[in-house]
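Here's a quick tour for anyone who likes to think in contacts and cut-offs. Have the structure open while you read.

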Amino acid sequence: MRISTLGFTLKQGVKSIFRNKIFSLATVATIGSCIFLFGLFYSVMVNFQNIVHQVESGVAVTAFFETDITDERIQQIGQEISQRAEVSKVVYVSAEQAWADFKDDYLGEYADTFGDDNPLADSANYEIYLNDVAMQQQLVDYLMTIDGISEIHKSANVANTLATANSLVSYVSLAIIFILFAVSIFLISNTVAIGISVRREEISIMKLIGASDFVVRAPFMLEGMILGLVGAAIPLVIIYFIYNKAIGYVMEEFAVLNSILAFLPVEQIFYTLVPIALILGVGIGFLGSGLTVRRHLRV
């Protein structure tokens, strides 16, 4: 593209935005509405995934040892387990620690009735925490092959529920993103089609004086990209303030849930949301304008 052609394209694209204010406002509103819905859904989705991940981090597989196992073998088993891809952390719990925790959690003031006896003398174990709770069964199958491990406790129902929740959120997210993207393209296409019908005479004159299809299309596509960028930026600003207000309200009004619901800070949300939203806005404007202009270029 020659510099003069590029300059003409930029000039025409910017001029069209201000010359056709109603069309421009309709385009910004269309893209902004879709990006706003996407941003709200994204914020809810990532917070839900964060809560599920926190619950997952507390789910552990417990491996108990055979009664005649040596300390050296216990350490060796721990090293082998910690090298597995499924494992994020391995915690050794001695029989003494297991009994002390049990007394604190369940016996309270009645713990002294046991004296120096330790009913959990053979309960030393490894608490094995997972990177992904969906990999629990794979880890359990491996643990069953290790000599020195006598019993394995797992939370199958919790693992299955969390894995299902993660999968459901992923599928629903993809479906909603696709629907929003399709609706955006449809709406912007209709809006651009109206703008083209209004400027049909202008396009005819450009074609008659020998303008190529690219020269005719380029200003519309550039216009769509600029409007898409503006349409994405406006809802991002709105979501920023809504998110902070909403989180503050929930934390204040439902303080009892503070230990369960750990919301992500807005900066962490926007670190990913901003580039995605801007790319979506520009992409929707570009595709919507490009596809529509191509269909309506026969003048």
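Let's start at L273, which is in contact (heavy atoms within 4.5 Å) with F38, G39, Y42, S43 and L236, once neighbours within four places in sequence are set aside. Before going on, a word on where this comes from: this is a predicted model, where local features need pLDDT of at least 70, side-chain atom pairs count only at pLDDT 80 or more, and totals for chains, interfaces and linings use all residues. Residues are numbered from 1 along each chain as its sequence is written, and side-chain values use heavy atoms, with hydrogens and water left out.

**Cores**

L273 belongs to the largest nonpolar core, which has 21 residues; Y42, V46, Y243, I269, F270 and L273 have the most contacts inside it. A nonpolar core here is a set of buried Ala, Val, Leu, Ile, Met, Phe, Trp, Tyr and Cys residues joined through side-chain atoms within 4.5 Å. Buried means under 20% relative accessible area, using a 1.4 Å probe and protein chains only. Helix 2, helix 6 (156-198), helix 8 and helix 9 (266-295) each supply at least two residues of this core. Another core lies apart from it, with 17 residues, including A124, I128, V140 and L143.

**Overall layout**

The protein has nine helices and four strands, in the order α-α-β-α-β-α-β-α-β-α-α-α-α along the sequence. Helices (H or I, at least four residues) and strands (E, at least two) are DSSP runs, numbered from the N terminus. Of its 299 residues, 39% count as buried. Among contacts with a separation of 6 or more, 85% join residues 24 or more positions apart.

**Three buried spots**

What do T27, S184 and V61 pair up with across the sequence? The table gives one C-alpha distance for each.

| Residue | Partner | Sequence separation | C-alpha distance |
|---|---|---|---|
| T27 | G228 | 201 residues | 7.7 Å |
| S184 | G288 | 104 residues | 8.1 Å |
| V61 | N125 | 64 residues | 10.0 Å |

T27 is in helix 2 and counts as buried because its relative accessibility is 1%. S184 sits in helix 6 and is buried too, with a relative accessible area of 1%. Leaving out neighbours within four places in sequence, S184 is in contact with C34 and I284.

V61 is in strand 1 (residues 60-65), and its relative accessible area of 0% makes it buried. Not counting residues up to four places away, V61 touches Y126, E127, I128, Q136, L139, V140, L143, I152 and H153. Four of those names come back in helix 5 (residues 136-143), where Q136, L139, V140 and L143 are buried. They cover an arc of only 100° around the axis, so they lie on the same side of helix 5; the arc is that of the directions from the helix axis to the C-beta atoms.

**The pocket**

Which residues line the largest pocket? They are L40, S43, V44, N47, F48, I51, I239, I242, Y243, A246, I247 and F263. Helix 2 (21-57) and helix 8 (213-253) are the elements giving two or more residues to that lining, and helix 2 gives the most, with six. By class, the lining has 10 nonpolar, two polar and no charged residues. About 220 Å³ of space lies in this pocket. A pocket is an open set of 1 Å grid points where a 1.4 Å probe fits, with protein on both sides within 12 Å along at least five of seven lines; lining residues have an atom within 4 Å of a point. Volume is the space filled by probe spheres on the points. Asp, Glu, Lys and Arg count as charged.

Methods: Buried < 20%, exposed > 50% of the residue type's maximum accessible area, 1.4 Å probe, protein only.
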